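Q: I should like to learn how the features of a protein model are read. Could the discussion proceed one feature at a time?

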Amino acid sequence: MTPEARLAAAAEILDGYLAGAPAEKVLTNWARRSRFAGSKDRATVRDHVFDAIRRRRSAAWLGGAETGRGLIIGLLRARGQDPEAFLTGQGHALSPMTEAERVVPAAPAGNVALDCPDWLEADMRDSLGDDFRPVMEGMQERAEIFVRANLSLGTREQAQARLAAEDVQSEPEPLAGTALRLGQGARRVRNTSCFQEGWVEIQDAASQAVAEAVPLQPGARVLDFCAGGGGKALALAARSGERIFVHDADPGRMRDIPERAARAGARLEILDGMQLGRNAPFDLVISDVPCSGSGAWRRQPEAKWRLDRAALDHLQTVRQEILDRVCRLVCPGGLIAYMTCSMLRSENEAQVEAFCAGNPEWNLELCQRFSPLQGGDGFFLALLRRNA
Ligand SMILES: C[S@@+](CC[C@H](N)C(=O)[O-])C[C@H]1O[C@@H](n2cnc3c(N)ncnc32)[C@H](O)[C@@H]1O
């Protein structure tokens, strides 16, 4: 595919997304009926699509319309490229620009320039202070790809050397002792024997740092209550070498856990709701709770535009119910490790402070924020200890 045709494909996919379908689904459908598209074409089209979604507001402004075509024109302008050079009407390119489209709008300002939803600005400013602008600007860029070296199989340096031998370049990432930041060849990492033999697992650097910061005592009974795909549980299992119990309200979210655990040589035991009580109490319950995902907007940019006040309020209630449930599963003197990939105070400090205020036998031992300005996603960790 020519660069022009890739942009035209991205515009068509963006139209599907703007009509309400998840971008991933529209991309998959496009790839199925576009057998002519090679892997480089698919990767580039995908990048155009998600780059445009990250900048949905500012790209629509710069492109003059919130349509697939408008977003692509705006994205090219944001990249400092001239859309006229790509909208040629030749081959599979988008049709040439109209007179109206040729008029370059003034640079966007305020929340439009930062791609921040208006209703969230006050909360974000309150939570981020002086970092509001640089963080929001950072969220307009693609996230880097990190892997976690599985220290139960070898050192980070050994994992790095194995990746290099398979033409995947990486650098140690200071945020976590296990993290490697991938460079050239990153997209091939899943095809390497290093990955397939469990030496590395794809995981954001801040997510690794959070898992590293959780205190783990030898022999502790550990439950990951919101296990999802098992990212945190696998990281903890690699540290301790011991069995970790995993649970999720949606068992389907855990479907990859057995395969991932087998690859990593980890012992993860899935517990359903009935089995939780029979296996309690636990010394440590990881609660990587549902949240806005605002810390991970670079990776999941659709979440930023989908979120609204009602959803944010609902999530607060869900988290409160989770805390009320898990606090009964922890032994005296035990810990809840509360985590979010959110940057909002209301989902982080305010939520755990409210829990402790209503539950006097629980004390807040630690609150730690990980800013996207440190390189990984925005994350939050609180340690809540039950009185002995
Ligand atoms: C942020 S994700 C977890 C990500 C996962 N820990 C990881 O590292 O890959 C939150 C998870 O909480 C689960 N969840 C939502 N409500 C829950 C509840 N009431 N009880 C247990 N899990 C819940 C969701 O299904 C989702 O998988």
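Q: In what order do the four strands of the open sheet stand, and in which sense do they pair?

A: This is a predicted model: local features need pLDDT of at least 70, side-chain atom pairs count only at pLDDT 80 or more, and totals for chains, interfaces and linings use all residues. Residues are numbered from 1 along each chain as its sequence is written. Helices (H or I, at least four residues) and strands (E, at least two) are DSSP runs, numbered from the N terminus. Two strands pair if DSSP finds at least two bridges between them. Here, four strands form an open sheet in the order β2-β3-β1-β4, with antiparallel pairing. The edges are β2 and β4 (200-202), each of which pairs on one side only. From one strand to the next, the twist averages 35°; such angles run from 0 to 180 degrees between N-to-C directions, and axes are lines fitted to C-alpha atoms, for helices over the stretch in contact.

Q: Which residues stand opposite one another where β1 and β2 pair with β3?

A: Strand β1 (residues 146-149) pairs with strand β3 (residues 179-182) in the antiparallel sense over three bridges. Phe 146 stands opposite Arg 181 in β3, and Val 147 has Leu 180 as its bridge partner. Strand β2 (residues 170-172) also pairs with β3 in the antiparallel sense, over three bridges, and Ser 170 stands opposite Leu 182. A hairpin of six residues joins β2 to β3.

Q: How is the sheet of seven strands ordered?

A: The order is β7-β6-β5-β8-β9-β11-β10, the sheet is open, and the pairing is mixed. At its edges are β7 (268-270) and β10 (362-370), each pairing on one side only. Neighbouring strands of this sheet are turned by 20° against each other on average, direction ignored.

Q: Where in this sheet is the pairing parallel, and where is it antiparallel?

A: Strand β6 (residues 244-246) pairs with β7 in the parallel sense over three bridges, and Ile 244 stands opposite Leu 268 there. The pairing of β8 with β9 is also parallel, over six bridges, with Met 339 in β9 as the bridge partner of Asp 288. By contrast, β9 and β11 run antiparallel and are joined by six bridges; Ala 337 stands opposite Leu 383 in β11.

Q: Which strands does helix α18 lie across?

A: Contact between residues is judged by their C-beta atoms, placed from the backbone, which must lie within 7 Å. Helix α18 (residues 349-358) lies across β9, β10 and β11, and runs at about 175° to β10.

Q: How do helices α4 and α5 meet, and why are they described as roughly perpendicular?

A: Angles under 35 degrees count as roughly parallel, over 145 as roughly antiparallel, 65 to 115 as roughly perpendicular and the rest as oblique. The axes of helix α4 (residues 56-63) and helix α5 (residues 68-78) come within 7 Å and cross at roughly 95°. The two helices are therefore roughly perpendicular to each other. Among the residues in this contact are Trp 61 and Leu 62 in α4, and Leu 71 and Ile 72 in α5. By class, the contact has nine nonpolar, four polar and two charged residues. Ala, Val, Leu, Ile, Met, Phe, Trp, Tyr, Cys and Pro count as nonpolar, Asp, Glu, Lys and Arg as charged, and the others, Gly among them, as polar.

Q: Which residues come nearest to the ligand?

A: A residue is near a molecule if its C-beta atom, placed from the backbone, lies within 6 Å of it. Of the 16 residues around the ligand, Cys 226, Gly 228, Gly 231, Ala 249 and Asp 288 come nearest. Helices α13 (231-240) and α17 (309-326) are the elements that give two or more residues to this shell. By class, the shell has seven nonpolar, four polar and five charged residues.

Q: Which peptide bond is cis, and where does its proline lie?

A: The cis peptide bond joins Ala 280 and Pro 281, with omega about 0°. Pro 281 is placed in the loop between α15 (273-279) and β8 (282-288).

Q: What is the phi of Asp 115, and where does this residue lie?

A: Asp 115 has a positive phi of about 55°, although it is not a glycine. Asp 115 lies in the loop between α7 (110-114) and α8 (121-128).

Terms used. Contact = placed C-beta atoms within 7 Å.
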